[in-house]
Amino acid sequence: VSMVAAIWICALALHRGPAGPSRRELLAVAGSHVTAGLAAFALARETAGAAPPISVIEEQLGYLPVIDGRGKTVYTPSRVFDSSTPQALELAKHLKREGATFYGAFWCPHCRNQRRYFGKEALGFVNYVECDARGIGSKANVCARAAVDGYPTWMIGKKRISGERSLADLAQFSNFPGVFDPSIEPGAGAMQTGAPCPQPGR
């Protein structure tokens, strides 16, 4: 609109009659409209080219880049926002007592699902080991010694369990005391057993 107004005012300035504002005054007004129009155009371009919100990047990728204490870019798995059920929390505490370890990689979608199954409170009790050297807090050497070749991999006592597992499976493998009812877990129908994410290059 400002640009159109500027063109109209310039035309008026060039063809003005004997009465009315001076040509200089009209051109000054036109200049202000041009400035406003260019500013609006620049703002529109900047807004259109702006980076998407962090939450969108996190949702699409499943992980986030962060800067560690040494100024190096590393990657952290996406956050878990869903709350844990009481039995998921008890299972996580049981797995911790059993010395269970969850080996994974920040970029692995099966690991992402595995984390979500527990919920945010229970996840705090799970012993997670990041196997990718680019991941935050990476313990790639620990994963190599454990001969981990896919993610997720669970070590529960002497049992090695590969691939995405439902919480009911983990309860069974770890001899969870009491009854674990999978039907009360959020998204229970979506929980699955799947092949592990292979290590890059395999």
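Visitor: In this predicted model, with which residue does E90 form a salt bridge?

Guide: The model is a predicted one, and the pair in question lies in helix α4, which spans residues 86–97. Because the two residues are three apart in that helix, they are separated by about one helical turn. The closest N and O atoms are 3.9 Å apart, which falls within the 4 Å allowed for a salt bridge, and the partner of E90 is K93.

Visitor: Are E90 and K93 buried, exposed or partly exposed?

Guide: A residue is buried under 20% relative accessible area and exposed over 50%, with partly exposed in between. E90 has a relative accessible area of 37%, and K93 has one of 27%. Because each value lies between those cut-offs, E90 is partly exposed and K93 is likewise partly exposed.

Visitor: Which residue meets R70 in a salt bridge, and is R70 buried or exposed?

Guide: R70 counts as exposed because its relative accessibility is 71%, where the cut-off for exposed is over 50%. Its side chain takes part in a salt bridge with an N to O distance of 3.3 Å, and the residue it meets is D68.

Visitor: D132 forms a salt bridge with R134; which of the two counts as buried?

Guide: The closest N and O atoms of D132 and R134 are 2.9 Å apart. R134 is partly exposed, with a relative accessible area of 46%. At 10% relative accessibility, under the 20% limit, the residue that counts as buried is D132.

Visitor: E185 is buried and has no salt bridge; which side chains make polar contacts with the side chain of E185?

Guide: E185 is found in the loop between α8 (167–173) and β8 (197–198). The nearest side chain of opposite charge, R116, is 13 Å away, whereas a salt bridge requires atoms within 4 Å. The side chain of E185 instead makes polar contacts at 2.6 Å and 2.8 Å, the former with T85 and the latter with Q87.

Visitor: Which helix gives the most to the lining of the largest cavity?

Guide: The largest cavity holds about 50 Å³ of space, and its lining divides into six nonpolar, two polar and two charged residues. Among the lining residues are C111, R112 and R115, which also appear among the buried residues of the helix that runs over residues 109–118. With three residues, the helix that gives the most to this lining is α5.

Visitor: Which residue follows α5, and what is the sign of its phi?

Guide: The buried residues of α5 include Y117 and F118. Beyond the helix comes a residue whose phi is near 90°, and thus positive in sign; this residue is G119.

Visitor: How many nonpolar residues line the second largest cavity?

Guide: About 30 Å³ of space lies in the second largest cavity. Its lining consists of L95, K96, A100, F125, V126, N127 and W154. One of these residues is polar and one is charged, and the number of nonpolar residues is five.

Visitor: What distance separates the C-alpha atoms of Q199 and Y151?

Guide: Q199 is found in the segment after β8, and it counts as buried because its relative accessibility is 19%, with the limit set at under 20%. Q199 and Y151 are 48 residues apart along the chain, and the separation of their C-alpha atoms is 7.6 Å.

Methods. Residues numbered from 1 in each chain as written. Predicted model: local features only at pLDDT ≥ 70, side-chain atom pairs only at ≥ 80, totals over all residues. Heavy atoms only, no water. Helix = DSSP H or I, 4+ residues; strand = E, 2+ residues; numbered from the N terminus. Buried < 20%, exposed > 50% of the residue type's maximum accessible area, 1.4 Å probe, protein only. Lys, Arg positive; Asp, Glu negative; His and termini not counted. Polar contact = N/O pair within 3.5 Å; in protein donor to acceptor, adjacent residues only side chain to side chain. 1 Å grid on protein atoms, 1.4 Å probe; cavity = no way out; pocket = protein on both sides within 12 Å on 5 of 7 lines; lining within 4 Å. Points joined across faces, edges and corners; volume = space filled by probe spheres on them. Nonpolar A, V, L, I, M, F, W, Y, C, P; charged D, E, K, R; others polar.
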